[in-house]
Amino acid sequence: MAKDVKPTRKELMQIEDRIELSERGHDTLEQKRDGLIMEFMDILDQAQDVRENVEGNYETAQKKIDMARAMEGDVSVRGAAAALKEHPEITTESHNIMGVVVPQIESSKVQKSLDERGYGVVGTSARIDEAAEAYEELLDSIILAAEVETAMKKMLDEIEKTKRRVNALEFKLLPELYTNQEYIEQKLEEQEREEIFRMKKIKAKKEEEETEDRAAEEAEAEQDRLTADD
């Protein structure tokens with residue numbers, strides 16, 4: 001790439017400006033990458049807790065529903081489930097983590113009281129209530145898991161993108177700029193040495209011509225003197 005660069009002082013100044021800008025950008029991106037990694041590790045810890053919570057709630061809900069089916073029968077369980085009138089509502093918003101927009105999921109009408117489930121108290125048992133409550137807790141944990149998992153994926157994508165930009169600056173752009181800077185500086189030094197050598201030659205030639213002129217003038221003066229003596 002250095003061969004395509006014009007070895008001029010203007011070009012050198014432009015490259016030096018690009019180096020300064022790229023170095024600042026590199027430092028900024030490194031700080032962003034490190035900050036994103038720290039945030040990602042926090043979310044990762046949260047995600048592990050959420051996953052464990054989902055697994056625990058799922059096992060509990062399965063045990064509760066199996067018990068309700070065994071004691072009350074599938075017809076009663078399905079009838080209680082079909083009586084539900086108000087379904088859970090999900091809304092999504094977003095918030096910013098170091099420039100990364102991640103979702104914030106809000107839910108409502110997930111966990112309900114006995115009178116809100118629609119099937120009433122008569123004709124059902126505590127086992128159905130326990131199963132319904134367990135599945136409501138499971139749904140809440142799944143919603144939270146979806147929020148955390150999505151945030152974690154977005155953070156990871158941004159970390160990888162930032163790392164690629166850092167590497168592009170560190171291992172491609174900046175080395176090329178440093179190489180071009182060195183190339184121009186060397187060329188300018190060569191031109192300066194050549195100019196100094198050329199000026200010395202001009203000066204030496206001029207001094208030589210002046211010496212010859214003085215010698216000629218002296219010879220001419222001597223000849224005039226001899227002529228005058230004759």
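Here follow questions and replies on how features of this predicted model earn their labels.

Me: What are the ground rules for numbering and confidence?
Reply: Residues are numbered from 1 along each chain as its sequence is written, and side-chain values use heavy atoms, with hydrogens and water left out. The model is predicted, so local features need pLDDT of at least 70 and side-chain atom pairs count only at pLDDT 80 or more, while totals for chains, interfaces and linings use all residues.

Me: How do you know that the span of helix H1 agrees with its number of residues?
Reply: Helices (H or I, at least four residues) and strands (E, at least two) are DSSP runs, numbered from the N terminus. The expected span of a helix is 1.5 Å times one less than its number of residues. Helix H1, residues 9-72, has 64 residues, so 94 Å is expected. Its end C-alpha atoms lie 90 Å apart, which agrees.

Me: What is the phi of Gly73, just after H1?
Reply: Gly73 takes a positive phi of about 95°.

Me: What makes the phi of Met98 worth a remark?
Reply: Most residues other than glycine have a negative phi. Met98 is not glycine, and its phi is positive, near 55°. Met98 sits in the loop between strand S1 (89-97) and strand S2 (100-108).

Me: Why is Met98 called partly exposed?
Reply: Buried means under 20% relative accessible area, exposed means over 50%, and partly exposed is in between (1.4 Å probe, protein chains only). Met98 has 36%, so Met98 counts as partly exposed.

Me: Why is Thr162 called buried?
Reply: Thr162 has a relative accessible area of 1%, so the label is buried. Thr162 lies in helix H3. Thr162 and Phe197 are 35 residues apart in sequence, and their C-alpha atoms are 50 Å apart in space.

Me: Why do Lys161 and Glu158 count as a salt bridge?
Reply: A salt bridge is a side-chain nitrogen of Lys or Arg within 4 Å of a carboxyl oxygen of Asp or Glu. For Lys161 and Glu158 the N to O distance is 3.8 Å, so the pair qualifies. The two are three residues apart in helix H3, and therefore separated by about one helical turn.

Me: Buried or exposed: what is Glu158, and why?
Reply: Glu158 is at 14% relative accessibility, so Glu158 counts as buried. Its partner Lys161 is at 42%, so Lys161 counts as partly exposed. Both belong to a network of salt bridges that also takes in Lys32.

Me: What makes Lys163 and Glu160 a salt bridge?
Reply: Their closest N and O atoms are 3.9 Å apart, so the pair meets the cut-off. Lys163 and Glu160 are three residues apart in helix H3, about one helical turn. Lys163 is partly exposed at 33%. Glu160 is partly exposed, also with 33%.

Me: How do you know that Lys172 and Glu176 form a salt bridge?
Reply: The N to O distance is 3.3 Å, so this pair also qualifies. Both residues lie in helix H3, four residues apart, about one turn of the helix. Lys172 has 52% relative accessibility, so Lys172 counts as exposed. Glu176 has 26%, so Glu176 is partly exposed.

Me: How many salt bridges does a search of the whole structure find?
Reply: The search finds 13.

Me: What makes the surface patch at Glu207 negative?
Reply: Lys and Arg count as positive and Asp and Glu as negative; His and the chain ends are not counted. The patch gathers Glu207, Glu208, Glu209, Glu210, Glu212, Asp213, Glu217, Glu218 and Glu220. Patches take residues with over 30% relative accessible area and no salt bridge; like charges are joined within 9 Å, and nonpolar side chains (Val, Leu, Ile, Met, Phe, Trp, Tyr) within 5 Å.

Me: Why are Asp213 and Glu208 called partly exposed?
Reply: Asp213 is at 47% relative accessibility, so Asp213 counts as partly exposed. Glu208 has 48%, so the label is partly exposed. Asp213 is found in helix H3 (residues 126-229), and Glu208 lies in H3 as well.

Me: Why is Gln14 called partly exposed?
Reply: Gln14 has 40% relative accessibility, so Gln14 counts as partly exposed. Gln14 lies in helix H1. Gln14 and Gln181 are 167 residues apart in sequence, with their C-alpha atoms 9.7 Å apart in space.

Notes:
Accessible areas come from the Shrake-Rupley method with a 1.4 Å probe; for residues, only the protein chains shown count as cover. The place of a charge is taken as NZ of Lys, CZ of Arg, CG of Asp or CD of Glu.
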